[in-house]
Amino acid sequence: MGALSQDMKRVVEEQRLGFYATVSEDGSPNLSPKGSTYVLDDDRLFFADYRSPQTVENIRRGSLVELNVVDPLVRKGYRFKGPAELHEPGSELYAHCVELMRAAGSTLAERVRTIAVVEVREARPLVSPVYDDGTVTEEEVIAIYRERYSS
C-alpha cells in the first residue's frame, strides 16, 4: 500500500485546494494556496504552477513541502509532507499531469507553467478541535459551517 489512503485521495479530489508551505532562501516561511492539487498515484500529489514563483523557486532550491487539504464544512482533512520535484513543458510527466487535469475538467490546463510533484513521505489526519470533547457529531459540524458560510 502506498502513502495515500483511499480517503486521503478522496479528500484531495473533492477539495483540490491545498495550502503549501515551503521555506524561502532567507529561512522565512512561504505559504501559498493552490487550487490545482491532484492525486498522481498512491505516493504522489501534484499541483500546477500558474503563478507560484516563490513556491517554485523554493522547491527548485530543495525546500521540502508540507501541504494541508481540509474540507471546510467537515473541518477534517490531511497534512502531507515530502520533497518535491518540478516538471517543465516538454517532459513526459508534465504532459501526463496536464492530461489528468483536463480529464478532471480543469479549465486552466493550458496555462500551466510547471508541474510540481510532491513525494508523500508522511501523511497525517487533520481534525478540528471542535470534535475533541465529543459533544458534536460530524453532521452537526457540517450544519454549523453551512449556516456560517451561507450568511
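This is a short talk about the nonpolar cores and the aromatic rings in this structure.

Okay, one thing up front: we're looking at a predicted model.

Let's start inside. The largest nonpolar core has 20 residues, and the ones touching the most other members are Leu4, Leu45, Ile59, Val65, Leu67 and Phe80. Several elements give two or more residues to this core, among them helix H1 (6–15), helix H2 (53–60) and strand S5 (65–71). Strand S8, at 114–119, is also one of those elements.

Then there's a second, separate core, this one of 14 residues, including Ala48, Tyr94, Met101 and Val112.

Back to Ile59 for a moment. What is isoleucine 59 in contact with, leaving aside its neighbours within four places in sequence? The answer is Thr22, Phe47, Val65, Ala84, Glu85, Leu86 and Ala116.

Now the rings. There are four aromatic pairs in the count, and I'll show you two. In the pair of tyrosine 78 and phenylalanine 80, the ring centres are 6.2 Å apart with the planes at 35°, so we call that one tilted. Both of these residues are buried.

The other pair is tyrosine 145 with tyrosine 149: centres 6.1 Å apart, planes at 45°, so again tilted. Both sit in helix H4 (residues 138–150), four residues apart, which is about one turn of the helix. Buried or exposed, what about tyrosine 145? Its relative accessibility is 11%, so it counts as buried, while tyrosine 149, at 45%, is partly exposed.

Last bit: charges over rings. Arginine 75 has its charged end over the ring of tyrosine 145, 3.9 Å from the centre. And lysine 76 lies over the face of tyrosine 131, 4.5 Å from that ring centre.

Conventions. Residues are numbered from 1 along each chain as its sequence is written. This is a predicted model: local features need pLDDT of at least 70, side-chain atom pairs count only at pLDDT 80 or more; totals for chains, interfaces and linings use all residues. Side-chain values use heavy atoms; hydrogens and water are left out. A nonpolar core is a set of buried Ala, Val, Leu, Ile, Met, Phe, Trp, Tyr and Cys residues joined through side-chain atoms within 4.5 Å. Buried means under 20% relative accessible area, exposed over 50%, partly exposed in between (1.4 Å probe, protein chains only). Contact means heavy atoms within 4.5 Å. Rings of Phe, Tyr and Trp (its six-membered ring) pair if their centres lie within 6.5 Å; planes under 30 degrees apart count as stacked, over 60 as edge-to-face and the rest as tilted. A charge sits over a ring if NZ of Lys or CZ of Arg is within 6 Å of the ring centre and within 35 degrees of the ring normal.
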